[in-house]
Structures are given as C-alpha cells and as structure tokens.
Amino acid sequence: NIIYAAVCDEEANSSGMLSVVPKFVELQEKLEGKKVRIVFPEAYDERILEAAVKLSATSYVKPVLIGKKGEVEKIAQPLSLDVSGIEFIDHENYEKYDEMLAKFIERRAGKVTEEKARALLKDVNYFGTMLVYMGEVAGLVSGAIHSTGDTVRPALQIIKTKPGTKRTSGAFIMSKDDKRYIFADCAINPTLDSEGLAEIAIESAKTAKSFNVDPKVAMLSFSTLGSAVTEDTTKVAEATKLVKENAPELAVEGELQFDAAVVPSVAKLKAPNSKVQGDANVFVFPSLEAGNIGYKIAQRLGGFEAVGPILQGLNAPVNDLSRGCNAEDVYKLALITATQSLSE
C-alpha cells in the first residue's frame, strides 16, 4: 500500500504540563479502571514522556514505552518527570523476540526472509505493531518523530484491515465548546471510488458512536441531490446509495453541499426529505484533498481543535500523531486509542 500523509502541521506547544481536558471526560469515564495497555514506540521524545507520566497516574491507560529505561531516565530527570512506575520494553533485548520473529515471518506469508524480518523488527514501529498483533498491548500511538507512512505501513502489513473492510482511512475529531464532528478521510486515500466512500462513511459512523456521537452522515459534494450532474457528483450519489443498502439504520444523505448538511433552513430548501435535516455531524469528503483543506479551515479559521488522524478499519487500533503535536495531544490520542480497543 502507498501511504499518503495529510497530517496536522501544528506548532509544538511549550506551555508545560498537561491540563485536564473536559471534552474527554466521557472517555475517561468509559475507561475507568480498565488500565488499557497502549504502547509508545517513541520513548525518547519529551512529549511522549510527559503524556506517559500523566497516563500512568490514571486508571485509564497503562503506557508501555519501547526503549532503555536508563536512557529515558536521563531525559526525564531534567524535566522533573518520574518514570519509575512506567513499564519499558527494550526491543533490542526482548525476552519473547524469537516468538515475535516467527509470528512476523508467518504473518508476512513469504514476503520477507528471516534476515529482512530481523532488520524490520529493529524499527520501533514494526516492533510495537507486533506487540499489538501478539496481544501484548491493546493499541499503539506513534508519529511524534515518525512520518505517517512509518506508523501506518507496519499496521497495514501486520494488523491489516477488518474482515469485509478493504481499506483504512483517517478521521479527525473536530471539537469546539460542546460541538463535536467527525471529518474523513483526511489522511490516507487521495482518491476514492463510490465503494470506498461508502465504506469510509460506515466506518466513520462507527467512530462517532464510540465517542458518544449519534451519527448523522453527510456525503459532501459541490452539488445537492442532483443540482449538478458530473462524474464526481454521481460518484458521491452512488456511494450514498451503497451506504443506505449496507447500513439501512444509518441516518445518511448525499450528495450534499456543506450548507445543506449543517444549516437546517438551507436543508429545508435543498433537501427537504433528508434524514440529516441540516444537522450532520459526520462529514465524508469526496477526496483527500477536500478533506485536508476542510479540516484545516475548521481548525485555523473556525477555532476547532483537530484530534487525529484516527485510523479506521484496522483489526486493532494504531494511531498517528502529528510531528508538531504536544503532550496533551499525545494524552488525548492515547485515550482515543484505548477507547477504540474496547470496541474491537
């Protein structure tokens, strides 16, 4: 698979220790007492360490860091971070390495030699993804110092997509005050056919439900229900039809212009019989280009917080950080990853 990265380019935040994030309280309640094991391959990054210390003090997530504890302690000490209670796995001296190597070769089904497999498992993202595959941890969060491709490629090769799902996709949770929306695909697939759009719409609705959002899905276009007819608008209309056939219980409409999706008075004029009725909260963009532009407009001009990309469609949760993330972003994505693992 070719991975296309359209990730946040947020500036690093140097404001200090993490603050409590009120809009994620419901996730904390859902995770209370679970101590979900989430692996972080980037143990030597200060933002990862700060978030891991915060997480280790909760009953929600048990962080597992890939790295040498002694070396991490040297980084943590000047930051006044106590990492003594955090679990570390040294991927160069892992007690289950032989088992992992055998399982990796088996999973790649003849696509790697033993020599190549050993070389790949020196990569912390491949190693961490194998921990997920083997059930040693419930999910993975990476990307603070790695590209989206570095994070997603091992997941596609090892975790792979769920049965019946042909592709993974990247969604953002867009939050502002008490508003919360799902935008997809904003991170993985540059172009999609109608089948792909339909699949992403259904997966995005599942993502919404896992975060206590009752999904109302808008399949976006520059046309509303045939106001323009082109190859592009027809693709979105056909995708909507597939969603209605495959998930008849889902409130979905398309193709819709954005105003018809979010403004009830406009919806009454342009789509009077729509189930969405101008109250959409899950937005499926017709292309990666549109999705990336859309979420960044909402983030930069609309003042929405963008959390993600959250990878959808995988057998187990693996999520990607922006390289411009801060410790709070790491903390929140860990909560999201843990929550995803409960519904797998």
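This is a short tour of two sheets and the helices packed on them.

Before you start clicking: the model is predicted, so local features need pLDDT of at least 70 and side-chain atom pairs count only at pLDDT 80 or more, while totals for chains, interfaces and linings use all residues. Residue numbers run from 1 along each chain as its sequence is written, and side-chain values use heavy atoms, with hydrogens and water left out.

**Stop 1: the 6-strand sheet**

Colour by strand and pick out the open sheet with the order β8-β7-β9-β6-β5-β10 and mixed pairing. Strands here are DSSP E runs of at least two residues, helices are H or I runs of at least four, and both are numbered from the N terminus. Two strands pair if DSSP finds at least two bridges between them. Select 251-256 and 305-312 next: these are the edge strands β8 and β10, and each pairs on one side only. From one strand to the next, the twist averages 20°; angles run from 0 to 180 degrees between N-to-C directions, with axes fitted as lines to C-alpha atoms, for helices over the stretch in contact.

Now zoom in on β7, residues 216-220, which runs parallel to β9 (residues 282-284) and is joined to β9 by 3 bridges. Which residue of β9 is the bridge partner of Met-219? Val-284 is. Met-219 also stands opposite Gly-254 in β8. Between β7 and β8 there are 5 bridges, and these strands run parallel. β8 is mostly covered, with 6 of its 6 residues buried (under 20% relative accessible area with a 1.4 Å probe, protein chains only; over 50% is exposed and in between is partly exposed).

**Stop 2: α8 and α9**

Show α8 (residues 194-210) with α9: they pack at an angle of about 50°, and their axes are 8 Å apart. α8 and α9 are therefore oblique to each other; the cut-offs are under 35 degrees for roughly parallel, over 145 for roughly antiparallel, 65 to 115 for roughly perpendicular, and oblique for the rest. To see the contact (heavy atoms within 4.5 Å), show sticks for residues including Leu-197, Ala-201 and Ile-202 of α8 and Val-236, Ala-239 and Leu-242 of α9. By class, this contact of α8 with α9 has 8 nonpolar, 2 polar and 3 charged residues. Nonpolar covers Ala, Val, Leu, Ile, Met, Phe, Trp, Tyr, Cys and Pro; charged covers Asp, Glu, Lys and Arg; the others, Gly among them, are polar.

**Stop 3: the 5-strand sheet**

Move on to the open sheet with the order β3-β2-β1-β4-β11, where the pairing is parallel. β3 (87-89) and β11 (318-320) stand at the edges with a single partner strand each, so one side of each has no neighbour in the sheet. Here the twist averages 25° from one strand to the next.

Select 36-40 and 139-142 to get β1 and β4, which run parallel and are joined by 2 bridges. Val-39 has Leu-140 as its bridge partner in β4. Then add α2 (residues 46-56), which packs on the sheet and touches β1 and β2 (61-66); the direction of α2 makes about 145° with that of β2.

**Stop 4: α2 and α13**

Keep α2 on screen and add α13: the two pack at an angle of about 50° with axes 8 Å apart. That makes α2 oblique to α13. For sticks, try Ile-48, Ala-51 and Leu-55 of α2 and Val-330, Tyr-331 and Ala-334 of α13, which are among the residues that make the contact. The contact of α2 with α13 divides into 8 nonpolar, no polar and 3 charged residues.
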